Every structure is written in C-alpha cells, then in structure tokens.
Amino acid sequence: MQRRSLIAGAAAAPLVGWAASAAAQDGATPFDALTVRHLAQSLAQEAYRAPDRKLPDPFADLTYDQYRAIRFDPAQSLWRGKGLPFEVQFFHRGFLYADRVDIAEVAEGRTAPVRYRPEMFEFGPLPHPADQDLGFAGFRIHAPLNRPDHFDEVAVFLGASYFRAVAKGQTYGLSARGLSVRTADPAGEEFPAFKAFWLERPQPGVNTVVVHALLDGPSSAAALRFTIRPGAETVFDTELTLYPRVDIAQPGIATMTSMYYFDAADRGGVDDYRRAVHDSDGLMMLTGRGEELWRPLANPAALQISSFLDAGPRGFGLMQRKREFRAFEDLKAHYERRPSLWIEPIGDWGEGAVTLVEIPTRGEVHDNIVAFWRPRQPLRAKGEHNFTYRMRWGAEAPYRSELARVVDSRAGAGSAPGQRLFVLDAVGERLRALPPDTKLRVEASAHQGRILNPVAQINPEQGGWRMSFELAPEDAKLVELRATLMNGDAPVSETWVYRWTA
C-alpha cells in the first residue's frame, strides 16, 4: 500500500437527492446538530452510488508534479481577515484526488456552500481553467499553533475518509480515518469516503473549530462531528454515527494508519545509514481491566494481524516514543517530530478487540500499519450505531501511569544457534525512586518454545532498568511473548507483548 495511492481507494461523490439542497443550493439553509445525521440516515436507505471521477483535460491525467504545481492562494482562505482564530484553505481536484467533496460554511444556524472559483488557485504551467465549477478535493485548517503571528497548518482532510493533524512543534506523520471496513481481508478492503463537509464559523478568541462530515461507502453511510482544539496537544472530540446498509462484520472504529520500516529489533536486510525509520514505533493499550500493554511494531515477512480482546477499553493508540534526533539521524524527515495518536473512548464500547495489522514494506513511502477497534458483534443493517471518542495528537499518551514504559526494544542472536536475545529498556519515575539495593526480576513467558536467562539490571545511562531474556523457539514458527519488570509480585513496568516469527 503506497501512502499516496492508498487514500485514493474511494472518495467523495456529489450529494444526491434532497441531500444536495443542504450544501449546494443558492443561499443559506437551516443547519443544526442533527442535520448531517439525518442526511446519513437518508443516504443509507438508498443504493450506494459510486463516485463520478470525471474531470476535463488536462486535469483528468495530472502527474504528481503537475498536481503539486497547483497552489491555493492564501489570500482566498475562508475567514481570512475576519479576526477569527482559524482559516481554511482548499485542495484542487486532480491526480489521485479527482473526487469531489462539497463544502459549506455554517454560521448562526444557517449553512451556505463554499463556491469553487478558479482564481482561488495558482496553476503554474497548467492552463487556467475556464469558468467551470471543478470543485474541491479537500481542505486544511490553519491556526496560530507555533507562534501567535502566523497561521500554521493544523489539520488536513484529503482523500477517502483520511485526515491527519499535528500538535505544536510537530510535522505530519500518521493519519486517521473516519471508518475502515474489511481491512486486510483477502477479498479486498472497502474504503468509505467523505462526501461533504460543513465548517462552523469559529467564535473570536475561542480556540475551537467544529467540522461536520458526511461519509458514504458500499456498506454504510455515516455522520461525524469533530470538535478540534489545536495546541501543545491537538484534540479532536469525535462523534461517529453509523447507518449500515448491510451487516458489517469487520468494521474498524477510530482507525489509524501509519508507517513502520525498521528499528533496532527489526532491520533484517535493511542497508540504511539511519538508526530507525518509522512514523510510529508501537501500539499502546490501556485495557478495561486497567492493564497497560506495549506492543512494538514490526515489518513482517508476511502480513500479520494481531487482536487484543478487551471489554470497555480505556484507551489505545499508535505512539512515537523516540523523541531525539539521534534515534533516527534524518535531517530531512525528522521522524522524532511525528505525532503519536491516542484514542480515548467515551462511554462503554462493550466487547471487542484492538486490532493491529502489519503489512510487509520495502520502503518508507508505504503506509503499512493499521490499528483500530473492532466490536465483537457485527454492526447490523438498518440500525444506528454510535461511537464517541477523543483523539489526542501529541508527543505521548496523555494519562500518567505509575508504571515504567518500555522505550527501546532490541533483538539479536542468542547464546546458542537458533536462540534469540531480547533486550528491553524501561524508564519512569517509579524506577528512579527505588532504593539502590532493590532487586527486580523479569517475568517473561512464551506460548511456545522456552524462555531462558531472564535478567533485570539497572541501566544508569537512561536512569531506568534493562530487561533481557532469550527465546529458544524450538520447532515453533510463531511465538507470542510477554515480559514485565517485577518488584516481588508487583509490576513496576507496563507489559511488553511481541510476536516473534521465524
């Protein structure tokens, strides 16, 4: 999956039937908190209509460089010069983003369409289009994120149901999706897409902007409401209401998509000057039982899916724990500045599984990691299904744990042929507060094979502790591993979980 081509799997089509009047008719129309839900519910009663991707020449066959040459004129930004804390810029259609999304502004309970005009864009060497309503492919939100006198790009919605955001001092990395369906299914994944957006005009001096979205796909229509607050941590309060056309047995709720190429524990066959290359290095989970899990990501030889069964999850997310330049040594990509994304369910999500999909990749231009919540029961057709959650884009997970966190996972040859040595470094205030004569131990287990030589020792270089152990897989081709740093019978670190494959 190429990260640029992945988001072209499906995208928005023009609104149909009476739904079109809410975003596309001349003049303002009423809008309230239920408007988009009603549109989604109505849309789900109709047969799915595939998007029309037609564009006139030369926009129908733009190359990547030609598309990049089309630039939005910042002077044409929505809300520019109105003394508001946000501005919005728009993306032209073309290249992989040929599908149209309708965009409207909401103010004082009324909505009116944002009209496409060719003069909004600079076209470089391309001919200036005639007065045709070619429409928009998506948009990006700007706000004074890093300094008060400059509007930085905070979030972007572009392609299928993809969007992404940054916090202060960060650069773009992983993405989120409004919904995923049948991810990694051999029969093929379905990519639902945003059809239309409604942008609420922000209030002066209020650091919040609200975005409503209408999503559609063969299996379901949906309404989403994002309340966005940028800052040192950029927060999306998200309300998702789904109306399935058919039973959906493999939905992905709060889906995240990222890139993991290699790191110290997983760089076999990689000839690269850098120490690591990834947008995220692990999946972090806080279960409904209060257990804290850390699953380092992998670039496997074959596609693998891991499911972590849970009930009432408290949080999960794809994290980038390495925050120093020396961890990557990349002056261009600066992976140490990529955001982590933590999902915080609001309300009881019931039984299901945090699901991790890892796809083999040979380069860093591919999004090969997907994580999401999958409910245990299918989402039944003709019903309404609600999920409310908070998305936190920032440097780390927001909750403060007493347990130490594993910040480095390494692997190499063991002391005998066929054995593997695992070395894990954990840091945290609880470890630093231990008396110097404290004796900790490693509690490690494997569902197949044998664990040998578990050792716990102080790591003075990091101000933490190091766990190490060897795995003798014997005849096993796949082994599920767990390791925790213990003080007597009490854990002092989160639980490290990993899947070793031959």
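**Phe90 and the cores.** I began at phenylalanine 90 in this predicted model and listed its contacts beyond four places in sequence, which are Phe72, Leu78, Ile103, Val114, Phe121, Phe136, Gly138 and Phe139. I then looked up the largest nonpolar core, which has 83 residues, and found Phe90 among those with the most contacts inside it, together with Phe139, Phe157, Phe226, Phe236 and Ile253. Apart from this core I noted another, of 30 residues, which includes Met284, Tyr399, Leu481 and Val492.

**His278.** I next turned to histidine 278, which belongs to strand β18 (residues 277–278), and asked whether histidine 278 is buried or exposed. Its relative accessibility is 0%, and because the cut-off for buried is under 20%, I entered histidine 278 as buried. Its side chain makes a polar contact of 2.9 Å with the side chain of aspartate 263. Leaving out residues up to four places away in sequence, I found that histidine 278 touches Met259, Tyr260, Tyr261, Phe262 and Asp263, and also Gln320, Lys322, Phe328 and Tyr335.

**Backbone checks.** I went through the backbone with the general expectation that most residues other than glycine have a negative phi and that most peptide bonds are trans. Between aspartate 57 and proline 58 I found a cis peptide bond, with omega at about 0°; proline 58 sits in the loop that runs between α3 (35–44) and α4 (64–68).

Arginine 182, which is not a glycine, has a positive phi, near 60°, and I located arginine 182 in the loop between β11 (180–181) and β12 (193–200). With a relative accessibility of 28%, arginine 182 is partly exposed.

Asparagine 453 also is not a glycine and has a positive phi, of about 55°, but I located asparagine 453 within a strand, β30 (residues 450–459). Its relative accessible area is 48%, so I entered asparagine 453 as partly exposed.

**The sheet that holds β30.** Having reached β30, I followed its sheet, which is open, has four strands in the order β27-β28-β31-β30, and is paired antiparallel. Why does one side of β27 and of β30 have no neighbour in the sheet? Both strands stand at the edges, and each has a single partner strand, so one side of each is left without a neighbour there. Ignoring direction, I noted that neighbouring strands of this sheet are turned by 15° against each other on average.

At the β27 edge, I found eight bridges joining β27 to the antiparallel strand β28 (residues 420–427), and I recorded phenylalanine 422 in β28 as the bridge partner of alanine 411.

Technical notes
Residues are numbered from 1 along each chain as its sequence is written. This is a predicted model: local features need pLDDT of at least 70, side-chain atom pairs count only at pLDDT 80 or more; totals for chains, interfaces and linings use all residues. Side-chain values use heavy atoms; hydrogens and water are left out. Helices (H or I, at least four residues) and strands (E, at least two) are DSSP runs, numbered from the N terminus. Buried means under 20% relative accessible area, exposed over 50%, partly exposed in between (1.4 Å probe, protein chains only). A nonpolar core is a set of buried Ala, Val, Leu, Ile, Met, Phe, Trp, Tyr and Cys residues joined through side-chain atoms within 4.5 Å. Contact means heavy atoms within 4.5 Å. A polar contact is a pair of N or O atoms within 3.5 Å; within protein, one must be able to donate a hydrogen and the other to accept it, and residues adjacent in sequence count only if both atoms are side-chain atoms. Two strands pair if DSSP finds at least two bridges between them. Axes are lines fitted to C-alpha atoms, for helices over the stretch in contact, and angles run from 0 to 180 degrees between N-to-C directions.
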